[in-house]
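Here is a quick tour of one model, starting at its metal site and working outwards. Have the structure open as you read.

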Amino acid sequence: MSRILITSALPYINGIKHLGNLVGSQLPADLYARYCRARGHEVLFLCATDEHGTPAELAAAKAAMPVDAYCAQMHRTQAKLAAGFRLSFDHFGRSSSPQNHRLTQYFAGRLAENGFISEVSEKMVYSPADGRFLPDRYIEGTCPNCGYDKARGDQCENCTKQLDPTDLLEPRSAISGSTDLEVRETKHLYLRQSKLKDELDAWIDSKSNWPVLTTSIAKKWLHDGDGLQDRGITRDLNWGIAVRKGEEDWPGMEGKVFYVWFDAPIEYIACAAEWAEAQGKDEEDWWRWWRTDAGAEDVRYVQFMGKDNVPFHTLSFPSTLIGSRDPWKLVDYIKSFNYLNYDGGQFSTSQGRGIFQDQALEILPADYWRWWLLSNAPETSDSEFTWEKFQVGVNKDLADVLGNFVSRVTKFCRSKFGEEIPAGGEVTPEGAKLIADLDARLAAYNGHMEAIEVRKAAAELRAIWVAGNEFLQTAAPWTSFKTDPERAAADVRLALNLIRVYAVVSAPFIPDASAKLLESMQTDVTDWPESMGSALEVLAPGHGFAVPDTLFAKITDEQREEWESSFAGTRG
Ligand SMILES: [Zn+2]
């Protein structure tokens with residue numbers, strides 16, 4: 001048994017996430033967490049909402065709510081949707097937690113003590129009417145390129161040109177509309193990542209098992225152009241974690257907060273502290289996951305994220321941890337994903353394009369989505385969701401293969417032997433061949449799950465389901481029953497036992513269907529199979545079962561067409 005720490009990239013707080021976000025980190029992380037638990041490992045699986053920064057303030061303003069109340073409400077919404085998709089977090093925290101405030105300030109203090117923070121004077125736009133500095137997107141004006149009169153200081157939404165606030169004609173505050181703006185000098189803190197470049201380089205070189213997608217992105221940032229750049233870690237905002245040097249004030253930094261990119265990954269650690277507190281545990285209980293001087297040297301730490309998050313997780317966050325010169329646990333393996341596209345374009349939160357998590361759960365149960373998304377996870381390249389592919393995948397794999405097997409076996413047994421595991425007969429040659437085949441496939445499935453090869457694991461699980469149907473076809477107990485009922489009994493006994501095995505090995509992908517199968521087989525034996533021969537004898541002759549209701553309903557052409565058109569536009 002090992003101890004495995006798993007974190008999923010933190011979903012940003014400014015709205016309900018789409019299915020592309022789900023399959024790009026949280027869902028595969030959940031798959032892996034469920035698998036590791038099923039194999040008897042001790043798992044701590046953490047995720048949280050990322051709540052600071054300008055987009056949170058803007059979303060709250062749009063919802064006409066105070067930003068703290070907005071974040072609290074949206075956190076509850078996201079937590080409810082995560083539960084709906086059966087994401088089995090040990091804790092779903094918040095980057096605005098008191099634990100993250102303390103830890104972020106602590107890290108900043110340690111980095112300053114160790115010479116990894118510099119103070120830089122910058123010129124920024126100040127609005128006397130608002131009494132604050134304005135971030136780029138809080139400044140509006142006329143685009144010098146196209147004349148659009150609501151261009152933002154960072155970009156014109158109309159012509160997409162990247163802008164500097166000083167490019168805007170007739171600039172004004174987006175908060176008050178005041179045109180009385182001035183450029184003032186202000187100080188900001190920078191994390192001196194460039195000083196840690198060699199240490200980061202050596203650390204990444206030591207990770208020979210990382211996917212190329214991960215290391216190539218990290219190496220590019222380390223070496224391209226002038227190499228790794230120092231990064232600002234403070235902002236002139238009201239909403240965020242106040243800049244302090246540990247527990248002390250930071251002279252000259254009054255009224256400033258840490259930049260969201262700095263505090264968000266620290267929430268991975270703070271989330272463990274939140275988890276411990278919620279469970280009535282002590283500091284040592286979460287330190288044993290995060291401090292190598294307190295037990296975490298035995299922990300394997302795996303992170304899940306979309307490829308756009310890789311630089312922060314391979315360079316910026318490790319800079320924070322390494323630069324603290326404390327024995328914090330560094331990540332052992334990063335699993336990164338490409339993008340899931342939607343019907344010929346991109347999923348987009350800002351444009352409301354695609355399928356959002358709440359809408360998905362309104363039309364179908366979680367397992368349908370979990371199976372399709374994971375079996376089509378964008379691992380080696382981007383992948384695409386279309387309603388037709390979705391319909392085919394669900395109907396074929398879940399309804400025709402798995403669901404059909406369960407239905408045929410249980411109904412046949414009920415009609416010929418009653419609702420209990422039949423006695424009599426010995427394992428038939430077809431049965432022995434099935435056992436050998438499943439042993440080989442299970443070994444391959446385990447290997448893919450351990451390597452976090454999501455699509456390969458799904459393909460192998462599908463093959464395990466197919467093997468059951470092929471066995472039924474060749475053994476044909478409905479024929480042998482007429483001439484050799486003992487032989488039919490032995491094959492049906494094996495097939496009913498296989499339903500329990502399917503429930504166990506499929507649970508990481510489709511936990512609800514798995515629970516339903518265990519219930520209908522009236523068993524709570526969920527040990528991961530070591531050998532198929534013995535796993536397929538767990539339900540003994542005379543053990544009762546009940547024919548389950550339809551496991552997976554097929555998606556009809558009418559449903560598909562209806563969803564195709566209702567999800568074609570953009571969400572308001
Ligand atoms: Zn423009």
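Let's start with the zinc ion: its protein donors are Cys143 (SG), Cys146 (SG), Cys156 (SG) and Cys159 (SG), at 2.3 to 2.4 Å from the metal. Donors here are N, O and S atoms within 2.8 Å of the metal (3.2 Å for Na, K and Ca), and since water is not among the atoms, sites may look incomplete. Bear in mind that this is a predicted model, where local features need pLDDT of at least 70 and side-chain atom pairs count only at pLDDT 80 or more, while totals for chains, interfaces and linings use all residues. Residues are numbered from 1 along each chain as its sequence is written, and side-chain values use heavy atoms, with hydrogens and water left out.

## The zinc site

What geometry does the site of the zinc ion have? It is tetrahedral, with angles of 105 to 115° among the four donor atoms; four donors get that label if all angles lie between 85 and 135 degrees. Along the chain, the donors follow the spacing C-x2-C-x9-C-x2-C. Cys146 sits in the loop between β6 (139-142) and β7, and Cys159 in the loop between β7 and β8, so this pair ties together parts that are 13 residues apart in sequence. Helices (H or I, at least four residues) and strands (E, at least two) are DSSP runs, numbered from the N terminus.

The UniProt record, an unreviewed entry, lists Cys143, Cys146, Cys156 and Cys159 under "binding site". These cysteines span 17 residues in sequence, yet no two of their C-alpha atoms are more than 8.6 Å apart, so they gather at one spot. UniProt positions are in the numbering used here, feature names are shortened, and annotations may be inferred rather than shown by experiment.

Is Cys156 buried or exposed? Cys156 is buried, at a relative accessible area of 0%. It belongs to the loop between β7 (151-152) and β8 (169-173). Cys159 is partly exposed at 23% relative accessibility, and Cys146 is also partly exposed, at 34%. The cut-offs are under 20% relative accessible area for buried, over 50% for exposed, and partly exposed in between (1.4 Å probe, protein chains only).

As for company, leaving out residues up to four places away in sequence, Cys156 touches Cys143, Cys146, Tyr148, Ala151, Lys161 and Leu163. With the neighbours within four places set aside, Cys159 is in contact with Cys143, Asn145 and Cys146. Contact means heavy atoms within 4.5 Å.

## Cores and helix α7

Now for the nonpolar packing. The largest nonpolar core has 154 residues, and Trp290, Trp369 and Phe509 have the most contacts inside it. A second, separate core has 13 residues, including Ile16, Tyr70, Met74 and Leu81. A nonpolar core here is a set of buried Ala, Val, Leu, Ile, Met, Phe, Trp, Tyr and Cys residues joined through side-chain atoms within 4.5 Å. Beyond four places in sequence, the residues that Trp290 touches include Leu5, Leu46, Tyr268, Ile269 and Trp328.

Tyr268 is also where helix α7 (residues 260-278) bends, by about 45°; that is the angle between axes fitted to the seven residues ending there and the seven starting there. Of the 19 residues of α7, 17 are buried, so the helix is largely enclosed by the rest of the structure. Val260 lies in α7 and is buried at 18% relative accessible area. Not counting residues up to four places away in sequence, Val260 touches Asp50, His52, Gly53 and Pro265. Just after α7, Gly280 takes a positive phi of about 70°.

## Positive phi outside glycine

Two loop residues are worth a look for their backbone.

| Residue | Phi | Loop | Relative accessibility |
|---|---|---|---|
| Arg325 | near 55° | between α9 (310-323) and β16 (333-337) | 42%, partly exposed |
| Gln522 | near 50° | between α17 (511-520) and α18 (532-535) | 44%, partly exposed |

## The whole chain

Zooming out, the chain has 19 helices and 19 strands. Its C-alpha atoms fill a box of roughly 95 × 55 × 45 Å, taken along the principal axes. Of the 572 residues, 55% count as buried. Among contacts with a separation of 6 or more, 77% come from residues 24 or more positions apart.

Conventions. Tetrahedral: all angles 85-135°; square planar, octahedral: opposite > 155°, others 65-115°.
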